[in-house]
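Open the viewer and keep the selection tool ready. We will go stop by stop.

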Amino acid sequence: MGKVRIASKIAHLSYAIRDIVAAAQRVEKGGKKIHWLNIGDPNRFDFRPPQHVLEAIKDALKDGKYTGYAPSQGEPLLREEIAKKEGVSFENVFVTNGLSEGITFLFSALMDAGDNLMMPIPAYPLYVTDSKVVGGVENYYACDKNWIPDVDDMRRKINSKTRAIVVINPNNPTGSVCPKSVLREIGELAAQHDIPLIADEIYDRLVFDGECTNLRDVAPKDAKLISGNGMSKNYFYPGARVGYLALHGEGMEPLAEALTKQTNARLSVNWEMQFGLLAAMRGSMDYLKPNLAKLKKRGGLLHKMLNEVQGISCVKPKAAFYAFAKVELGDKWKDDFAFVHGLLEETGVLCVPGSAFGAKKEEGYMRLVFLPPEEELQEALSLVQKYVLKAQK
Ligand SMILES: Cc1ncc(COP(=O)(O)O)c(C=O)c1O
């Protein structure tokens, strides 16, 4: 008997943030303590969803009323709340199983093989792999040394097969926040070419100083814009798996129709969890202040400790919980994978190779998460420092 045959598109599916966990588990079995700086899950550390969110979910489950299939496009009260916040009509809101599902829906609705969905480099891995799975052609736009999108590069790279432009703000993996003026320019560029913009704003409340500008507030009113957000990051509840897409601008009816079909086909999103997001959106945001203070401090510590070592450099993160650091590989490491795996084997520190986010392997990038409490983070970072210093001897 032969082995089951797998379709070729599956070869494109990889998610290095989780794939690398298998390697860490092997190392852990060998007796080494693992420092988990790979995954953006705040609940592994000292971050929890606000209490009123947990209460709302418990309430929704109390008499079993919300244990059936929810309406496919989302709980109506939640859709109304999102519509109000986003400034769109109820029909233009689609609740999804995390923003991840929304992103996958968009790739399948907007792209045929040979098309491109323009994205930043580096980009969140789901965008990179989803594009490959639907037969998309790579079309990355550059970012400057502070990881701000280069609008001229974007302009140069738009072509007749560009189906949308993705802006991830605040950004994963870099922790950068895009200035209002740049967002305005991007909005104008997309409107001028009549290309939809996808604004992934899943970290928009996690900015350490000042505020994040949402693309909907600066893009021309007629621009085609898809905003994506959810419960995972701003409300520290990734396990809830609730996200949404909101469609702005003119001429979006075909996409609303496609998303209606897609959400119908997948049946529904956990009903009780949707009441959690409703409570989160309606409730107090007081929980954010102490959590942002922790994140800012930890991000600052990571930035300082990495830049102390000659051979590592990293831009100070302004939001979220990630930094994208560059290592001078020299002749010590062949590529980012060799660096990250060597670091793991020798020190137990787990981070993610930059090439998982579309960077070139030889550039030597890695993404680190700064969610652990300071003492833990400090311990992990001093191991990174020692590892690099030892290699330089
Ligand atoms: C930029 C970005 N977009 C989307 C997602 C997916 O979020 P969700 O948990 O809502 O599926 C993530 C998760 O890490 C992310 O970093």
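Which ligand atom does a polar side-chain atom of S232 lie 2.6 Å from? Select S232 and the ligand to find out. The partner is an oxygen atom of the ligand, and the gap is 2.6 Å. Keep in mind that this is a predicted model.

**Stop 1: the ligand**

Stay with the ligand and add Y203. A polar side-chain atom of Y203 also lies 2.6 Å from an oxygen atom of the ligand. Now add S100. An N or O atom in the side chain of S100 is 2.5 Å from a ligand oxygen. How much of the ligand does the protein bury? Taken alone, the ligand exposes 400 Å², and the protein buries 95% of that.

Widen the selection to the shell. There are 13 residues around the ligand. L99, S100, D200, Y203 and S232 come nearest. Color the shell by residue type. You should find 6 nonpolar, 4 polar and 3 charged residues. Which helix gives the most to this shell? Select residues 98-110. This is helix α4, and it gives 4 residues.

**Stop 2: a patch on the surface**

Turn on the surface view. Select V4, I6, I10 and L13. Together they make a nonpolar surface patch of about 410 Å². Pick out I6 from this group. I6 sits in the segment before α1, the helix that spans 16-29. Is I6 buried or exposed? Its relative accessibility is 54%, so I6 counts as exposed. The cut-off for exposed is over 50%.

**Stop 3: H248, E86 and R216**

Go back to sticks and select H248. H248 is in strand β8, residues 243-248. Its relative accessibility is 9%, so H248 counts as buried. The cut-off for buried is under 20%.

Which side chain does H248 join in a polar contact of 3.0 Å? Add E86 and look between the two. The polar contact joins the side chains of H248 and E86.

Keep E86 and add R216. E86 forms a salt bridge with R216, and the closest N and O atoms are 3.1 Å apart. This pair links distant parts of the chain. E86 is in helix α3 (residues 76-86), R216 is in helix α8 (residues 215-218), and they are 130 residues apart. Both E86 and R216 are buried.

**Stop 4: more salt bridges**

How many salt bridges does a search of the whole structure find? The count is 19. Let us visit two more of them.

Select D46 and R298. Their side chains meet in a salt bridge of 2.8 Å, N to O. D46 lies in the loop between β1 (35-36) and α2 (51-61), and R298 lies in helix α11 (residues 288-307), so the pair ties together parts that are 252 residues apart in sequence. Check the cover on each partner. D46 has a relative accessible area of 32%, so D46 is partly exposed. R298 has a relative accessible area of 5%, so R298 is buried. Now add K294. D46, K294 and R298 are linked in a network of salt bridges.

Next, select R155 and D152. Here the side chains meet in a salt bridge of 2.7 Å, N to O. How far apart in helix α6 are R155 and D152? They are 3 residues apart, about one turn of the helix, which covers residues 151-157. R155 counts as partly exposed, at 37% relative accessibility. D152 is partly exposed too, with a relative accessible area of 43%.

**Stop 5: N229 and its contacts**

Select N229 in strand β7, residues 225-230. At 1% relative accessibility, N229 counts as buried. Which side chains does N229 contact? Add D204 first. The side chains of N229 and D204 make a polar contact of 3.3 Å. Then add N234. The side chain of N229 makes a polar contact with the side chain of N234 at 3.4 Å.

**Stop 6: F90 and R79**

For the last stop, select F90. F90 is in the loop between α3 and β2, the strand at 93-96. F90 counts as partly exposed, at 26% relative accessibility. Add R79 and draw a line from C-alpha to C-alpha. F90 and R79 are 6.1 Å apart in space along that line. In sequence, F90 and R79 are 11 residues apart.

Conventions. Residues are numbered from 1 along each chain as its sequence is written. This is a predicted model: local features need pLDDT of at least 70, side-chain atom pairs count only at pLDDT 80 or more; totals for chains, interfaces and linings use all residues. Side-chain values use heavy atoms; hydrogens and water are left out. A residue is near a molecule or strand if one of its heavy atoms lies within 4 Å of it. A polar contact is a pair of N or O atoms within 3.5 Å; within protein, one must be able to donate a hydrogen and the other to accept it, and residues adjacent in sequence count only if both atoms are side-chain atoms. Accessible areas come from the Shrake-Rupley method with a 1.4 Å probe; for residues, only the protein chains shown count as cover. Helices (H or I, at least four residues) and strands (E, at least two) are DSSP runs, numbered from the N terminus. Ala, Val, Leu, Ile, Met, Phe, Trp, Tyr, Cys and Pro count as nonpolar, Asp, Glu, Lys and Arg as charged, and the others, Gly among them, as polar. Patches are made of residues with over 30% relative accessible area and no salt bridge: like charges are joined within 9 Å, nonpolar side chains (Val, Leu, Ile, Met, Phe, Trp, Tyr) within 5 Å. A salt bridge is a side-chain nitrogen of Lys or Arg within 4 Å of a carboxyl oxygen of Asp or Glu. Buried means under 20% relative accessible area, exposed over 50%, partly exposed in between (1.4 Å probe, protein chains only).
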